[in-house]
Amino acid sequence: MELKIRKIGNGYGVLFPKQLMEEMKVTENSVVQVEKVGEIHQMKPLDEQFRQQVESFLRTEQKHRNTYRELAK
């Protein structure tokens, strides 16, 4: 599938066809993650629940470091 990059204000954007949005299981205002895998850039929906869990862990990591080490055993 080829998509055209368009100028939108001071930035750029891509219009996604409805079919692609449905296949990716994203809606308007969904957040996607783009990462480079070798020479390819891969885009996937961001798992919001997982992101929140990681942020919670990072906020408490320093304070509960020893507890986390014990739980990991």
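Where is lysine 73 found? I looked it up in this model, which is a predicted one. Lysine 73 is found in the segment after α3.

**Entry: the end of the chain**

I checked how open lysine 73 is. Its relative accessibility is 76%, and exposed means over 50%, so lysine 73 counts as exposed. I then took a distance from lysine 73 to glycine 13. The two residues are 60 apart along the chain, and their C-alpha atoms are separated by 46 Å.

**Entry: salt bridge**

I wanted to know how many salt bridges there are. The count comes to one salt bridge. Its partners are lysine 73 and glutamate 70, and their closest N and O atoms are 3.2 Å apart. The cut-off is 4 Å, so this pair qualifies. As a reminder to myself, side chains of opposite charge can pair when their charged atoms come close. I also looked up glutamate 70, which is exposed with a relative accessible area of 51%. Lysine 73, as noted, is exposed too, at 76%.

**Entry: the start of the chain**

I moved to methionine 1, which is found in the segment before β1 (5-8). Is methionine 1 buried or exposed? Its relative accessible area is 69%, so I wrote it down as exposed. I listed its contacts, leaving aside neighbours within four places in sequence, and found Pro17 and Leu20. Then I took the distance from methionine 1 to tyrosine 12. They are 11 residues apart along the chain, with 19 Å between their C-alpha atoms.

**Entry: nonpolar patch**

Methionine 1 came up again when I looked at the surface. It belongs to a nonpolar patch, together with Leu3, Ile5, Tyr12, Val14, Phe16, Val32, Val34 and Met43. Together these residues have about 860 Å² of accessible area. Which strands each supply at least two residues of the patch? I found β2 (11-14) and β3 (32-37).

I picked one member, valine 34, for a further check. Valine 34 lies in strand β3. At 53% relative accessibility it is over the 50% cut-off, so it counts as exposed.

Tyrosine 12, another member of the patch, has a second entry in my notes. The charged end of lysine 7 sits over the ring of tyrosine 12, 5.0 Å from the ring centre.

**Entry: aromatic pair**

I searched the whole structure for aromatic pairs and found one. The rings belong to phenylalanine 57 and tyrosine 68, with their centres 5.0 Å apart. Why is the pair called tilted? The planes are at 50°, and tilted covers what is neither under 30 degrees nor over 60, so the name fits.

I placed both residues in the chain. Phenylalanine 57 lies in helix α2 (residues 48-60) and tyrosine 68 in helix α3 (residues 65-72), so the pair ties together parts that are 11 residues apart in sequence. I looked up how covered the two are. Phenylalanine 57 is at 35% relative accessibility and counts as partly exposed. Tyrosine 68 is at 28% and also counts as partly exposed. Partly exposed is the range between 20% and 50%, so both values fit.

**Entry: positive phi**

My last check was on backbone angles. Most residues other than glycine have a negative phi. I noted two residues that have a positive one. Lysine 25 has a phi near 60°, and asparagine 29 has a phi of about 75°.

Where do they lie? Lysine 25 is in the loop between α1 (18-24) and β3. Asparagine 29 lies in the loop between α1 and β3 as well. I finished with their accessibility. Lysine 25 is exposed at 75% relative accessibility, and asparagine 29 is exposed with a relative accessible area of 73%.

Conventions
Residues are numbered from 1 along each chain as its sequence is written. This is a predicted model: local features need pLDDT of at least 70, side-chain atom pairs count only at pLDDT 80 or more; totals for chains, interfaces and linings use all residues. Side-chain values use heavy atoms; hydrogens and water are left out. Helices (H or I, at least four residues) and strands (E, at least two) are DSSP runs, numbered from the N terminus. Buried means under 20% relative accessible area, exposed over 50%, partly exposed in between (1.4 Å probe, protein chains only). Contact means heavy atoms within 4.5 Å. Rings of Phe, Tyr and Trp (its six-membered ring) pair if their centres lie within 6.5 Å; planes under 30 degrees apart count as stacked, over 60 as edge-to-face and the rest as tilted. A charge sits over a ring if NZ of Lys or CZ of Arg is within 6 Å of the ring centre and within 35 degrees of the ring normal. Patches are made of residues with over 30% relative accessible area and no salt bridge: like charges are joined within 9 Å, nonpolar side chains (Val, Leu, Ile, Met, Phe, Trp, Tyr) within 5 Å. Accessible areas come from the Shrake-Rupley method with a 1.4 Å probe; for residues, only the protein chains shown count as cover. A salt bridge is a side-chain nitrogen of Lys or Arg within 4 Å of a carboxyl oxygen of Asp or Glu.
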